[in-house]
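The following questions and answers concern side-chain environments and pairings in a predicted model. Each answer sets out its reasoning before giving the value or name requested.

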Amino acid sequence: MMIRYASYFIAALLPLLLFRWFAPASVGEIDFWLLWLLAMVLVSLPVVYAEIALAYRSVDAPLAGMQKLTREADASPIWRSFGWLAALVSIVIAALVISGASTGILAALTALDSAPALPSFAMAAGLMVIAVLLSLVGVAPLPIGLGLMVAGLLLAAVNGLPNIDFAMTEVSLGEWARAVALALVSVGAGTGLYWFGQSLASKQSVTAVGVDNHNAQKPARSRLAAEPRATKLVLPIWILQLLVGMMALFVSGMALPPIAQLLYWVGVLFVASYLLHYSTQQLAHKFGLVVSLVITLVVALALVIVIPATWLVGILVIISSIAVLLLSIFAGWQMKISHLRKSLNFGSEGFYNLWRVAIRLVVPLALILALLGWVLQWLS
């Protein structure tokens with residue numbers, strides 16, 4: 001049952017996890033939030049549709065699924081790099097939030113006069129080891145993490161929400177870059193997390209049907225009517241992220257008292273463990289579980305110990321943008337039209353055509369402009 005709702009837990013958690021890394025500088029800029037909403041519609045929504053369509057078509061996790069799909073489409077193996085990048089993105093997100101958790105927990109313990117004599121990077125390394133061990137549990141930490149994070153935010157909200165002065169500012173390419181990055185990472189577009197969640201749910205469903213085989217006698221018309229529609233999964237995920245994102249807008253800059261900080265950051269630790277579980281499962285397709293667990297731990301430790309959190313934000317933006325670009329071009333230009341049309345199973349041909357234009361043209365152009373905006377912002 002928990003596997004079935006993993007995608008919805010992730011949809012609710014990612015904005016809470018990542019808004020504070022991208023939003024505070026622009027929290028009162030009305031134009032920025034309008035750009036974010038535009039990016040959610042033009043970039044994130046088509047990409048999530050693409051992920052779910054490829055999940056339905058491959059009936060496997062991203063790394064293994066891309067191998068099937070590239071062979072089916074007679075496409076270059078270079079497109080399989082999406083699976084590797086998606087696994088790396090999840091590790092980078094885990095490293096970023098655990099780096100923040102180490103700082104937040106130390107600050108909370110200092111305020112409570114209970115801080116250990118540890119540098120921040122040592123605390124981050126210890127938390128990362130705990131997260132990797134928790135990753136062995138699988139999906140179970142997600143509801144625990146969500147509960148702890150929401151409890152921490154509610155406890156902080158008792159003291160009142162921060163006053164935000166909303167105003168229109170000048171629109172720039174850098175602002176568009178931040179809006180697109182926020183839309184991508186808070187939605188999880190290009191991470192393969194929804195693809196992975198759907199593959200787990202599909203395997204669980206196949207196993208259940210295989211036990212009692214009650215569908216074997218169904219007529220062909222009933223089986224056709226039972227074919228999944230991507231919209232039934234994508235729209236609830238996207239709407240949930242939109243609503244949680246709006247809530248995260250008000251709490252991203254909120255100061256948390258010590259106890260609330262501890263609750264929130266321990267919850268973050270539980271959520272990070274699922275991200276590491278996902279990356280380990282992807283790598284296990286090639287290296288086996290034990291080797292993949294070691295690789296994930298080594299890469300994650302290197303990220304939290306060596307690289308500052310501000311640099312991790314930049315790395316996350318670049319890798320996730322490249323991953324989404326690969327996914328959009330593969331889904332829009334390499335996959336056979338008939339295969340994707342059947343996987344998406346839209347009720348109208350017009351909706352399919354709109355999605356196809358978006359994934360082939362709008363998404364790549366928006367991403368290229370966003371990357372250009374980031375480069376100009378970093379150079380300045």
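Q: Is W36 buried or exposed?
A: The relative accessibility of W36 is 3%. A residue counts as buried when its relative accessible area is under 20%. W36 therefore falls in the class of residues that are buried.

Q: Which kind of aromatic pair do W33 and W36 form?
A: The ring centres of W33 and W36 are 5.6 Å apart, and 85 degrees separate their planes. Planes over 60 degrees apart count as edge-to-face. The pair of W33 and W36 is therefore classed, by the cut-off of 60 degrees, as edge-to-face.

Q: In which helix do W33 and W36 lie?
A: Three residues, about one turn of the helix, separate W33 from W36. W33 is buried as well, at a relative accessible area of 10%. The element that holds both W33 and W36 spans residues 30-58 and is helix α2.

Q: Which residues are linked into a cluster by ring pairs?
A: The structure holds twelve aromatic pairs. Ring pairs also build a cluster, and W33 and W36 belong to it together with F32. The members of this cluster are thus, by the ring pairs that link them, F32, W33 and W36.

Q: Why is the pair of F196 and Y274 tilted?
A: The ring centres of F196 and Y274 lie 6.5 Å apart. Planes under 30 degrees apart would count as stacked and those over 60 as edge-to-face, with the rest as tilted. The pair is tilted because its planes stand at 50 degrees.

Q: How many residues apart in sequence are the parts that F196 and Y274 tie together?
A: F196 belongs to helix α8 (residues 193-212), whereas Y274 belongs to helix α11 (residues 258-287). Both F196 and Y274 are buried. Because the two residues lie in these two helices, their pair ties together parts whose separation in sequence, in residues, is 78.

Q: Over the ring of which residue does the charged end of R360 sit?
A: The charged end of R360 is 3.6 Å from the centre of a ring. For a charge to sit over a ring, the distance to the ring centre must be within 6 Å. The ring beneath the charged end of R360 is that of W333.

Q: What is the relative accessible area of S102?
A: S102 is found in helix α4, residues 81-111. Leaving aside neighbours within four places in sequence, the contacts of S102 are S120, M123, A124 and L127. S102 is buried, and its relative accessible area is 1%.

Q: Which helices hold R57 and E72?
A: The side chains of R57 and E72 meet in a salt bridge, at 3.0 Å from N to O. The pair ties together parts that are 15 residues apart in sequence, because R57 lies in helix α2 and E72 in helix α3. R57 is partly exposed at 24% relative accessibility, and E72 is partly exposed at 31%. The helices that hold R57 and E72 are, respectively, α2 and α3.

Q: With which residue does D60 form a salt bridge?
A: D60 is buried, at 15% relative accessibility. Its salt-bridge partner is partly exposed, with a relative accessible area of 37%. The closest N and O atoms are 3.3 Å apart, and the partner of D60 is K68.

Q: How far apart are the closest N and O atoms of E349 and R341?
A: The structure holds three salt bridges. E349 is partly exposed at 40% relative accessible area, and R341 is partly exposed at 33%. E349 forms a salt bridge with R341, and the distance between the closest N and O atoms is 3.1 Å.

Methods:
Residues numbered from 1 in each chain as written. Predicted model: local features only at pLDDT ≥ 70, side-chain atom pairs only at ≥ 80, totals over all residues. Heavy atoms only, no water. Phe/Tyr/Trp six-rings, centres within 6.5 Å; stacked < 30°, edge-to-face > 60°. Helix = DSSP H or I, 4+ residues; strand = E, 2+ residues; numbered from the N terminus. Buried < 20%, exposed > 50% of the residue type's maximum accessible area, 1.4 Å probe, protein only. Lys NZ or Arg CZ within 6 Å of the ring centre and 35° of its normal. Contact = heavy atoms within 4.5 Å. Salt bridge = Lys/Arg side-chain N within 4 Å of Asp/Glu carboxyl O.
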